Amino acid sequence: MATKDIDLSEFEVTQARPCTVATLALNDLQREKLEAALARPKISAWKITKVVRGWGFSMSDDSIIKHRAGMCDCGPPGES
């Protein structure tokens, strides 16, 4: 089956959304706690999200999961 040249540019991401985790306006202690929690795989994304929401921020478990997996604008862990 021959493939036709079709312009699919409308499906391409034109502007990536910034990483929710990286853009949180945390104070120094909150940032330190969050980074430590992210580094511990035994602390679930759900629990981290629950704590961050308790600090007054809106985010989803998916944001934590993507950040930990390096699937956000921050790149793989250790590169941010």
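1. A good place to start is Ile 64, which touches Val 21, Leu 38, Ala 45, Ile 48, Thr 49 and Met 59, leaving aside residues up to four places away in sequence; contact here means heavy atoms within 4.5 Å. Ile 64 sits in helix α3 and, at 0% relative accessibility, counts as buried. For that word, the cut-offs are under 20% relative accessible area for buried, over 50% for exposed and partly exposed in between, with a 1.4 Å probe and protein chains only. The C-alpha atoms of Ile 64 and Ser 44 are separated by 9.0 Å, with their positions 20 residues apart along the chain.

2. Before going on, please keep in mind that this is a predicted model, in which local features need pLDDT of at least 70 and side-chain atom pairs count only at pLDDT 80 or more, while totals for chains, interfaces and linings use all residues. Residues are numbered from 1 along each chain as its sequence is written, and side-chain values use heavy atoms, with hydrogens and water left out.

3. On confidence, the mean pLDDT of the chain is 86, and 84% of its residues reach 70 or more; pLDDT is the predictor's confidence in each residue, from 0 to 100. Among the elements, helix α2 (residues 45-54) has the highest mean, 97, and helix α3 (residues 61-69) the lowest, 92. Where pLDDT is low, the predicted coordinates should not be read in detail.

4. Now the overall layout. The chain has three helices and zero strands, in the order α-α-α from the N terminus on. These are DSSP runs numbered from the N terminus: helices are H or I with at least four residues, strands E with at least two. Of the 80 residues in the chain, 25% are buried. Among contacts with a separation of 6 or more, 47% join residues 24 or more positions apart. The chain exposes about 6500 Å², and carbon and sulfur atoms supply 52% of that area, computed by the Shrake-Rupley method with a 1.4 Å probe; for residues, only the protein chains shown count as cover.

5. Helix α1 (residues 28-38) has Gln 30, Leu 34, Ala 37 and Leu 38 as its buried residues. They are on the same side of α1 because they cover an arc of only 100° around the axis, taken from the directions from the helix axis to the C-beta atoms. Asp 28, Leu 29 and Glu 32 are exposed on the other side of α1. What covers the buried residues of α1 includes α2 and α3. At the N-terminal end, Asn 27 acts as a cap: one of its side-chain oxygens lies 3.0 Å from the backbone nitrogen of Leu 29.

6. You may want to look at the cysteines too. There are zero disulfides in the structure, a disulfide being a pair of cysteine sulfur atoms within 2.5 Å. For Cys 19, which is in no disulfide, the nearest cysteine sulfur is that of Cys 72, 3.6 Å away. Likewise, Cys 72 is in no disulfide and has the sulfur of Cys 19 as its nearest. Cys 19 is buried at a relative accessible area of 7%, and Cys 72 is buried at 18%.

7. Finally, His 67 brings these cysteines back to helix α3, where it is found. His 67 touches Cys 19, Val 21, Leu 38, Cys 72 and Cys 74, again not counting residues up to four places away in sequence. At 16% relative accessibility, His 67 counts as buried.

Note on methods. Polar contact = N/O pair within 3.5 Å; in protein donor to acceptor, adjacent residues only side chain to side chain.
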